[in-house]
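Ready for a few exercises? Take a look at the structure below, try each task yourself, and then read the solution.

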Amino acid sequence: MPAATNLAPDKLRRRKRTIGIIAIALLLLFTVLALLGAISFIVWILADLAVALIANLLLRRVGRVNP
């Protein structure tokens, strides 16, 4: 993401908020699917961990690009 080096603070905050909203939506989706029995418990846990890990890495990268 070299183009993101000089982001304005409001654009940076908007990007972080977008990443957070997408992560929460995916977590809720996997939770609903697990409660409905569409996916197993272990798949639910693994999917939630994967979403949290990817969101964390993206948020760190966005924060590191524009300290």
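**Exercise 1.** Is D48 buried or exposed, and how far away is the nearest side chain of opposite charge?

*Solution.* Keep in mind that this is a predicted model. Start by placing D48: it belongs to helix α2. Next, check its surroundings: D48 is buried, yet it has no salt bridge. The nearest side chain of opposite charge belongs to R60, and that is 19 Å away. A salt bridge needs the nitrogen and oxygen within 4 Å, so R60 at 19 Å doesn't qualify. Finally, see what D48 does touch: leaving out neighbours within four places in sequence, its contacts are L27, F30 and T31.

**Exercise 2.** Find the salt bridge that D10 forms, and say how exposed its partners are.

*Solution.* The count of salt bridges comes to one. D10 pairs with R14, and their closest N and O atoms are 3.7 Å apart. Now locate them: both lie in helix α1, which covers residues 9–36. They're four residues apart, about one turn of the helix. For exposure, D10 has a relative accessible area of 43%, and R14 has 47%. Buried means under 20% and exposed means over 50%, so D10 counts as partly exposed, and R14 does too.

**Exercise 3.** Work out which residues make up the largest nonpolar core, and which helices supply them.

*Solution.* Begin with the big picture: the protein has two helices and zero strands. The largest nonpolar core has six residues, namely L12, I19, A23, V51, A55 and V62. Helices α1 and α2 (41–65) each supply at least two residues of this core. Zoom in on V51: setting aside residues up to four places away in sequence, it touches A23, L26, L27 and F30. For the protein as a whole, buried residues make up 16% of the 67 residues.

**Exercise 4.** Describe the aromatic pair formed by F41 and W44.

*Solution.* The count here is one aromatic pair. F41 and W44 form that pair, with 5.7 Å from centre to centre and 65° between the planes. An angle over 60 degrees counts as edge-to-face, so that's the label for F41 and W44. Both residues lie in helix α2, three residues apart, about one turn of the helix. As a last step, compare their exposure: F41 is exposed at 58% relative accessibility, whereas W44 is partly exposed at 22%.

Technical notes:
Residues are numbered from 1 along each chain as its sequence is written. This is a predicted model: local features need pLDDT of at least 70, side-chain atom pairs count only at pLDDT 80 or more; totals for chains, interfaces and linings use all residues. Side-chain values use heavy atoms; hydrogens and water are left out. Buried means under 20% relative accessible area, exposed over 50%, partly exposed in between (1.4 Å probe, protein chains only). A nonpolar core is a set of buried Ala, Val, Leu, Ile, Met, Phe, Trp, Tyr and Cys residues joined through side-chain atoms within 4.5 Å. Contact means heavy atoms within 4.5 Å. Lys and Arg count as positive and Asp and Glu as negative; His and the chain ends are not counted. Rings of Phe, Tyr and Trp (its six-membered ring) pair if their centres lie within 6.5 Å; planes under 30 degrees apart count as stacked, over 60 as edge-to-face and the rest as tilted.
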